[in-house]
Amino acid sequence: MKLLNVGYGNLVMANRVIAVVTPNAAPVRRLREEARERGKLVDATQGRKTRSVIIADSDHVILSAVQAETLAQRLATPAEEGQVE
């Protein structure tokens, strides 16, 4: 089981991630609001600016303060010593 660090001590199961997108586009903002209404929005920003939105296979939408490119790199690299696995 690989865990993805989405910032500030928050972790997400890497195998449940469908997409990592930037929050700027209008469709992503709509997705975020719809998830909030359904109770499926998880805010992992710890009060900081949202820099990426993670879409999970459980229909959850997770907000992260880490850049989407950084999360993509973390997903692509195999677990190394000292990383959460």
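Walk along the chain from the N terminus and its elements come in the order β-β-β-α-β-β-β-α. That makes two helices and six strands, where helices (H or I, at least four residues) and strands (E, at least two) are DSSP runs numbered from the N terminus. The radius of gyration, taken over C-alpha atoms, is 12 Å, close to the 12 Å that the globule rule gives for 85 residues, so the chain is as compact as a globular protein of that length. That rule is 2.2 Å times the number of residues to the power 0.38.

Keep in mind that this is a predicted model, in which local features need pLDDT of at least 70, side-chain atom pairs count only at pLDDT 80 or more, and totals for chains, interfaces and linings use all residues. Residues are numbered from 1 along each chain as its sequence is written, and side-chain values use heavy atoms, leaving out hydrogens and water.

Now look at helix α1, residues 26–38. Its 13 residues reach 19 Å from first C-alpha to last, close to the expected 18 Å, which is 1.5 Å times one less than the number of residues. Right after α1 comes Gly39, with a positive phi near 80 degrees.

Back to the whole chain: its C-alpha atoms fill a box of roughly 40 × 25 × 20 Å along the principal axes. Of the 85 residues, 29% are buried, meaning under 20% relative accessible area (1.4 Å probe, protein chains only). As for contacts (heavy atoms within 4.5 Å), take those between residues at least 6 apart in sequence: 49% of them join residues at least 24 apart.

Terms used:
Buried < 20%, exposed > 50% of the residue type's maximum accessible area, 1.4 Å probe, protein only.
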